[in-house]
Structure formats: C-alpha cells, structure tokens
Amino acid sequence: MPGTKDRRAPINEDWWYRLLPPRVRAIKRPEVAVTGFIACFFILFYLVNLTYDFESTVRENLGYVRFAGSIVVLLLLYIKLDRFPLWLGYLGALTELVAFTYFVGLSSDLEQIAFRLQEFPLITLYLAWLFKPKLVRLTIYPVLAAALYLAYVYGPRTGMALHSGWLNVFSLVFLTFGASVIGSYVKTRFHYQSEIDELTGAVNRRGLQLRGEHMLASAQRARRPLSVALLDMDGFKAINDEGGHEAGDQVLKELVKHLRAATRKNDLVARLGGDEFVILFPHTTRTQAQLLMARVQETSAHSWSYGAAQARREDNLSTLILRADRDMYSSKRERAERRASEA
C-alpha cells in the first residue's frame, strides 16, 4: 500500500513447511491453508478407510467418491490459492456430518462407526474456526442430536453398541462442545491479534489488506459503489514533541474512538501507519463519502486533513488508496495557498 513498507514478520519455516511447494507457501489466508491441511488429512483418512471391508459395494463406492472429492478440493485449492471458495470446505464438512449421522445412527458396521467418531470433533473444530458461531451451532448440534437419537432408537445393534453406555455418549458430546468453543475462541483471538492495531483498536494494515480487498472485490462484482477516505493528522509531530509519545498515543486513541462512533456500522476504520488512517465506505459514492467525512471532521476534537476516492473497475486496494492520498495532498495545498493569499 502507498507510503508503507511490509513489516510482516517472516514465517518460522519448520522442516515440514520447507517441503511445501512455493505456490502453496504463497497462500496468505489462514482459512484456506487450514482447509488444505484438512483435505490432506481426509485423503489419508479415506485411504486407510478403503483398506477395510465394507458391508456393501455401494458403501465401498461411496468411500471412493469421498476419497476423490478430497483430492478435487486439494487440487482446486492449489489452483485458486487465496481465491479458493470456502463454501466448498463447508459443503465437504456437511457431507461428512451426513455420513456420521448414518453410520453412528443406523449402521451396524462397527469399524465405520469408529472412523466417524474419530473425525467428528475434528470437523467441529474446523467449522468453528472458519465460520460464524451461529452457523456452526445450527450445523453441528442438530447432527449430533439426530445421530444419538437414531443410535438410541435403533441400538444396541447399531451405534449404541460401540458406546458401551452413556459415559461414552457424554464424552462425545463433551468433546464436540469443547471443540466448538475452542475453535471459536482461537478464531476470535487470531483475528484480533493479527488484524487489529494494538494501540488504537482500529483495523491494522494486514486487516485492511484482507478485508479491504474482499470489500472491493464484492463491490466490483456487484457493480456497487465503494469509496475510500485517507486522513492524516495535522501537526501530529508537534503533539509528540510537546507532550511526548504518550500524548500522541492518546490523541490517536481518541481519534479512532471518534471515527468509529461517527461513521456507520459497515464502514471500516483502519490505521495505515503512524498518524494515517483509512476509512472504507461500502455502497457509497465519492461525493457521499466527502459529505460524511466533512460531518465527521466538524465534530472532531483534533485537526486532520483527508482525501477521498471512488473505486473503479480496474482498481485494486493500493491504487484506490493512492488516489485518495493524492486528493488529500491536493486539498492540503489548496488550503495552504488560501492561507498564504489571505495573509
């Protein structure tokens, strides 16, 4: 992005990481990388599973289909990289949950039941880490309840035969609930630590890159307007010189608090670096963004300058912010010229 350097810390390259192809190491979205690891796990999982005896040819063929499906997901991920559609990961997990319900609730194949019980907490953890908690709850808990109900009704020849009592049923429920909570917690903490500026609470540069590119791509696909404003504090160096860095930090915190309170819920407030901030306005033209920024500026306790730009079809996030940056400096020059002429 304009005016900044990439300060991301290098990844700690363990031996297994160095074995990955360079194209795979180029993946930046952790959600996509986790999906790839899960796909690899299920490829090995199904490969082992296919060595077992099945109750029927149909079930054996379904095993081959699931094995092939995992390979297809991995190939698509290799081709698409960060553009891999995560709904495919959700669809794959949903397929496994249906298999879980069938084998644990209705099947008498104890080997297959054991396999499904092993994978269920892992699928729960995967879904909880990638998707919204409400979607995970609406997916996982009904499946678990249905499987246990069918096992109870049709046992002991089916799923309940493996459980050897309610203690193991409780263990499955407890592990599933624990995986859901842990996955959601890790997701929340990861996103906060990696995408939120520690000082101000605004989205940091990495978060701006990830969320901003997604917002821009969505606007371009739907042909909806999206505008960006870049603002720079006036006299921030003087604040630091007179009051020290603590005074400067406090001003930045107050500014972000005001920006978030004065803008709309879906607007994205990000710290670009130092005393520079970026605000993304979805469904907003440049003229509307300028009016919004003028109102925000009027109620601000601190002085700052801003520029605005509207996304074009050929834009990426960097070119869009660059145009807003040029607009801001153009506005600064005009104000300086007016002050000079008035003097």
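Q: In this predicted model, is Arg286 buried, partly exposed or exposed?
A: Arg286 has a relative accessible area of 30%. Buried residues fall under 20% and exposed ones over 50%. Because 30% lies in between, Arg286 counts as partly exposed.

Q: With which residue does Arg286 form a salt bridge?
A: Arg286 belongs to helix 12 (residues 286-298). The other member of the pair is in helix 13 (residues 317-342), 41 residues apart from Arg286, and the pair links distant parts of the chain. At 22% relative accessibility this other member also counts as partly exposed. The closest N and O atoms are 2.9 Å apart, and the partner is Asp327.

Q: Which residues are linked with Arg206 in a network of salt bridges?
A: The structure holds 8 salt bridges. One of them joins Arg211 and Glu195, with the closest N and O atoms 3.1 Å apart. Arg206 is part of a network with this pair, so the residues asked for are Glu195 and Arg211.

Q: Why does the pair of Arg211 and Glu195 tie together parts that are apart in sequence, and how many residues apart are they?
A: The two residues sit in separate helices: Arg211 lies in helix 10 and Glu195 in helix 9. Arg211 is partly exposed at 32% relative accessibility, whereas Glu195 is buried at 5%. Because the pair spans helix 9 and helix 10, it ties together parts whose separation in sequence is 16 residues.

Q: Which residue meets Arg264 in a salt bridge?
A: Arg264 counts as partly exposed at 37% relative accessibility. The residue it meets is at 10% and counts as buried. The N to O distance between the two side chains is 3.0 Å, and the partner is Asp267.

Q: What is the order of the strands in the open sheet?
A: The protein chain has 13 helices and 4 strands. The open sheet is made of 4 strands with antiparallel pairing. Strand 2 (268-273) and strand 4 (304-310) each have a single partner strand, so they stand at the edges. The order is 2-3-1-4.

Q: How many bridges join strand 1 to strand 4?
A: Strand 1 and strand 4 run antiparallel. One bridge between them pairs Asp232 with Ser305 of strand 4. The number of bridges that join the two strands is 7.

Q: Which residue in strand 3 stands opposite Ala270?
A: Strand 2 and strand 3 (residues 276-282) pair in the antiparallel sense over 5 bridges. Neighbouring strands of the sheet are turned by 20° against each other on average, direction ignored. Opposite Ala270, in strand 3, stands Val278.

Q: How many of the 7 residues of strand 4 are buried?
A: Strand 4 is at an edge, so one side of it has no neighbour in the sheet. Helix 11 (residues 236-262) lies across strand 1, strand 2, strand 3 and strand 4. Strand 4 is nevertheless largely enclosed by the rest of the structure, because its count of buried residues is 6.

Q: Which strands does helix 10 touch where it packs on the sheet?
A: Helix 10 covers residues 205-222. Its direction makes about 130° with that of strand 2, which is among the strands in contact with it. The full list is strand 1, strand 2 and strand 3.

Q: Which helix gives the most residues to the largest nonpolar core?
A: In soluble globular proteins, nonpolar side chains tend to be buried together. The largest such core here has 40 residues. The elements that give two or more residues include helix 3 (30-49), helix 5 (86-105) and helix 6 (110-130). With 10 residues, the helix that gives the most is helix 6.

Q: With which residues is Phe120 in contact, leaving aside its neighbours within four places in sequence?
A: Phe120 is among the residues with the most contacts inside the largest nonpolar core, as are Leu97, Phe100 and Leu172. Phe120 touches these three and others. The contacts are Leu97, Phe100, Ile140, Val143, Leu144, Leu172 and Thr176.

Q: Is Ser70 buried or exposed?
A: Ser70 is found in helix 4. Beyond its neighbours within four places in sequence, Ser70 is in contact with Ala39, Phe42, Ile43 and Tyr46. Its relative accessible area is 9%, so Ser70 is buried.

Definitions and conventions
Residues are numbered from 1 along each chain as its sequence is written. This is a predicted model: local features need pLDDT of at least 70, side-chain atom pairs count only at pLDDT 80 or more; totals for chains, interfaces and linings use all residues. Side-chain values use heavy atoms; hydrogens and water are left out. A nonpolar core is a set of buried Ala, Val, Leu, Ile, Met, Phe, Trp, Tyr and Cys residues joined through side-chain atoms within 4.5 Å. Buried means under 20% relative accessible area, exposed over 50%, partly exposed in between (1.4 Å probe, protein chains only). Contact means heavy atoms within 4.5 Å. Two strands pair if DSSP finds at least two bridges between them. Axes are lines fitted to C-alpha atoms, for helices over the stretch in contact, and angles run from 0 to 180 degrees between N-to-C directions. A salt bridge is a side-chain nitrogen of Lys or Arg within 4 Å of a carboxyl oxygen of Asp or Glu.
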